[in-house]
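Okay, thanks for having me. I'll put the sequence and the model up, and then we can walk through a few spots together.

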Amino acid sequence: HTPARGRGGATMDADFGQQSQAFTLLHDKNMLAPASAASWCPTMDLLALATSDGQLALSRLDWNKTGGERENRLWTANPDSPVTSLGWRPDGKILVSGHADGAVQLYHAEDGEVLHASTPHRGSAVTSLHWQDAPAEDSRRSACAYQSATSRFALPTNGAGGIHDRPRRDGAKADAGAGAGAGAWTRPPGAGARALFDHFDPPTRLTVLCSGDARGDVVMSAFGIFPIASARVADCPADFPIASGTAGGAEELAVLHASLAPDLSRILVAFRANGDVDAVGASAAMPLLALRSVEMCVAASHGSQIASLAAEIEKEASSCATTWRQARLDFDARIDTLRERVGEGRR
């Protein structure tokens, strides 16, 4: 039988006329600012919560119990751009945040260190984040033929910072450094005290981060850092159900949710067209990704390593150039001083 809905979150048993509580209030918390996004960790009792005042915090489930909120809060961050969406890697070790400026950041769940920052949705608010692992059997399929020498002949990179300032436990922000601006990388992808995967033992199972934005764009990134596909819902074929009665006239599309099937063979997108109240859902087949997920895993892991190395080389070259320019200025200043002294001596 189907219970009838009652007041106060209760249900009415139609057969017995008994009222039962559908939901039980576990915690009640007064907040200084409204929540803008929230997401539960899939493997631990951790809640990631973003508020409209720009703060992002990760807390234990018992945040209002013994120990108090301060002790149960693991870390806080204050990114430059407001958080508009949150998600988790399936293993619960990485928190991903989407921002109003189109940036996506990956945080280490333990202490909030920024492991990667990029702008796949430049200028458009990120509205959806979903991480999907490839089937478990992929990790048992051999990919030896695709191994490269990158990890054997290059050391892991070291970097600091991100698109938004690196968070600390107290919520303060570190100096992002000169030249850091919107869309600029101040930390190479995957570089830092921790990396998203072992440099010398790359993963054998693909994970894909699927993100959507308020402009109608959907982007898929391997391991959350290496872009492998993107599409705009408005540019889909004519038979794609843009919206009931609005096909061909949907100038404004906003992705509400985008996620991959467990076998990576299809993508599901829910979106709203032209500000309509009703949402539209559609799916598209992606047989190539499902068929070549092992090869994509290897290519993406090695590509990420090469991109990280190239960014580190560029950063070191820029640092060397800055040091050399300063040295030349100091040398020229000393030469000028020497000339003045020689001229005074001749007089």
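Let me start with a question: is Ile-228 buried, partly exposed or exposed? Bear in mind that this is a predicted model. The answer is partly exposed, since its relative accessible area is 24%, and the cut-off for buried is under 20%. Ile-228 sits in strand 15, which covers residues 226–232. If we skip the neighbours within four places in sequence, Ile-228 is in contact with Val-208, Met-220, Ser-221, Ala-222, Leu-289 and Met-296. Take Leu-289 from that list: along the chain it is 61 residues apart from Ile-228, yet the two C-alpha atoms are separated by 9.5 Å.

Okay, stepping back to the whole chain. We've got four helices and 18 strands. Of the 347 residues, 41% are buried. The chain exposes about 19,400 Å², with carbon and sulfur atoms supplying 53% of that. And if you take contacts between residues at least 6 apart in sequence, 54% of them join residues at least 24 apart.

Now, the cores. In soluble globular proteins, nonpolar side chains tend to be buried together. Here, the largest nonpolar core has 36 residues, and the ones with the most contacts inside it are Leu-106, Leu-206, Val-218, Phe-223, Ile-267 and Val-269. Apart from that one there is another core, of 18 residues, with Leu-46, Ala-48, Val-83 and Ala-117 among them.

Phe-223 deserves a closer look. You'll find it in the loop between strand 14, residues 217–222, and strand 15. Phe-223 counts as buried because its relative accessibility is 5%, and the cut-off is under 20%. Leaving out residues up to four places away in sequence, Phe-223 touches a list of residues including Leu-106, Trp-131, Leu-206, Cys-297 and Ala-300. For the backbone people: phi of Phe-223 is near 60°, so we have a positive value in a residue other than glycine.

Which other loop residue has a positive phi, near 65°? That would be Leu-264, again a residue other than glycine. Leu-264 lies in the loop between strand 16, at 253–260, and strand 17, at 266–273. It is buried, with a relative accessible area of 0%.

On to the sheets. Strands 8, 9, 10 and 11 form an open sheet in the order 8-9-10-11, with antiparallel pairing. The edges are strand 8, residues 83–88, and strand 11, residues 114–118, and each of those pairs on one side only. On average, neighbouring strands of this sheet are turned by 20° against each other, ignoring direction. Strand 10, residues 104–108, is joined to strand 11 by four bridges. Leu-106, which we met in the core, has His-116 in strand 11 as its bridge partner.

Just past that, Thr-119 is in the loop between strand 11 and strand 12, the latter at 126–133. Thr-119 is buried at 16% relative accessible area, and its side chain makes a polar contact of 3.2 Å with the side chain of Arg-122.

One last pair. Strand 6, residues 56–60, runs antiparallel to strand 7, and four bridges join them. Ala-57 has Thr-76 as its bridge partner in strand 7. And why call strand 7 largely enclosed by the rest of the structure? Because four of its five residues, 73–77, are buried.

That's my tour, so over to you.

Notes. Residues numbered from 1 in each chain as written. Predicted model: local features only at pLDDT ≥ 70, side-chain atom pairs only at ≥ 80, totals over all residues. Heavy atoms only, no water. Helix = DSSP H or I, 4+ residues; strand = E, 2+ residues; numbered from the N terminus. Buried < 20%, exposed > 50% of the residue type's maximum accessible area, 1.4 Å probe, protein only. Contact = heavy atoms within 4.5 Å. Areas by Shrake-Rupley, 256 points an atom, 1.4 Å probe, with all protein chains shown as cover. Pairing = 2+ DSSP bridges. Axes fitted to C-alpha atoms, helices over the stretch in contact; angles between N-to-C directions. Polar contact = N/O pair within 3.5 Å; in protein donor to acceptor, adjacent residues only side chain to side chain. Core = buried A, V, L, I, M, F, W, Y, C linked by side-chain atoms within 4.5 Å.
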